[in-house]
Amino acid sequence: MSNVKKKLLCYFTIVVPIAGLIISALSFIYFVLIYKQTTMAALAYVSIPFIGGLLIAFPFWIIAYRIRKNS
């Protein structure tokens, strides 16, 4: 597999979910700890970046698994 494909798989399978987790943690600190917003809507809003990152990365996890399985 070429070096570019490896970097793209690494980016989409590792970096995107970690970035979503970092953004979710920062928004949790901002909304919940600083402004004391503990409603269900605030907690759902805080988790959107992490869930979005997982949904973006999920197909690439499958692709990476199939590539490793066939190699």
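# A tour of a two-helix model

Begin by selecting Ser24, which, once residues up to four places away in sequence are set aside, touches Val46, Ser47, Pro49 and Phe50. The model on screen is a predicted one, and the stops below should be read with that in mind. Ser24 belongs to helix α1, and its relative accessibility of 8% places it among the buried residues, because buried here means under 20%. If you display the side chain of Ser24 together with the backbone of Val46, you will find that the side chain reaches the backbone oxygen of Val46 at 3.2 Å.

Keep Val46 displayed and add Ser27, another residue of helix α1. Leaving out its neighbours within four places in sequence, Ser27 is in contact with Val32 and with Val46, so that Val46 appears in the contact list of Ser24 as well as in that of Ser27. Ser27 is also buried, its relative accessible area being 15%.

**The whole chain**

Now zoom out and colour by secondary structure, which for this protein comes to 2 helices and 0 strands. The radius of gyration is 16 Å, well over the 11 Å that the globule rule gives for 71 residues, and the protein is therefore more spread out than a compact globule. Along the principal axes, the C-alpha trace spans about 50 × 20 × 10 Å. Switching to a surface view, you are looking at about 5500 Å² of exposed area, of which carbon and sulfur atoms supply 75%. Buried residues make up 18% of the 71 residues, and Ser24 and Ser27 are among them. Of the contacts between residues at least 6 apart in sequence, 67% join residues that are at least 24 apart.

**Across the two helices**

Several selections show how far apart in space residues distant in sequence lie. Start with Ile23 in helix α1, and draw a C-alpha to C-alpha distance to Phe50: the two are 27 residues apart in sequence and 7.5 Å apart in space. Ile23 itself is partly exposed, at 46% relative accessibility.

Next select Gly52, which lies in helix α2 and is partly exposed, with a relative accessible area of 25%. The C-alpha atoms of Gly52 and Pro17 are separated by 8.1 Å, although their positions lie 35 residues apart along the chain as a sequence separation.

For a contrasting view, pick Ile18, which is placed in helix α1, the helix covering residues 3-34. The C-alpha atoms of Ile18 and Ser71, which are 53 residues apart along the chain, are separated by 27 Å. Ile18 is partly exposed, with a relative accessible area of 45%.

**The aromatic rings**

Show the side chains of the aromatic residues next, since the structure holds 5 aromatic pairs. How are the rings of Phe12 and Phe60 arranged? Their centres lie 4.4 Å apart and their planes meet at 10°, so the pair is stacked, the cut-off for that class being planes under 30 degrees apart. This pair links distant parts of the chain, with Phe12 in helix α1 and Phe60 in helix α2 (residues 40-70), 48 residues apart. Phe12 is partly exposed, with a relative accessible area of 21%, and Phe60 is likewise partly exposed, with a relative accessible area of 26%.

Move on to Tyr30 and Tyr35, whose rings form an edge-to-face pair, 5.1 Å from centre to centre with 70° between the planes. Tyr30 counts as partly exposed, at 41% relative accessibility. Widen the selection to Phe31 and Tyr45 as well, and you will have one aromatic cluster, made up of Tyr30, Phe31, Tyr35 and Tyr45.

**The loop**

The last stop is Lys36, in the loop between α1 and α2. Is Lys36 buried or exposed? At 61% relative accessibility, Lys36 counts as exposed, because the cut-off for that class is over 50%. Check the backbone here too: phi of Lys36 is near 55°, a positive value in a residue other than glycine.

Key: Residues numbered from 1 in each chain as written. Predicted model: local features only at pLDDT ≥ 70, side-chain atom pairs only at ≥ 80, totals over all residues. Heavy atoms only, no water. Helix = DSSP H or I, 4+ residues; strand = E, 2+ residues; numbered from the N terminus. Buried < 20%, exposed > 50% of the residue type's maximum accessible area, 1.4 Å probe, protein only. Contact = heavy atoms within 4.5 Å. Rg over C-alpha atoms; globule rule 2.2 N^0.38 Å. Areas by Shrake-Rupley, 256 points an atom, 1.4 Å probe, with all protein chains shown as cover. Phe/Tyr/Trp six-rings, centres within 6.5 Å; stacked < 30°, edge-to-face > 60°. Polar contact = N/O pair within 3.5 Å; in protein donor to acceptor, adjacent residues only side chain to side chain.
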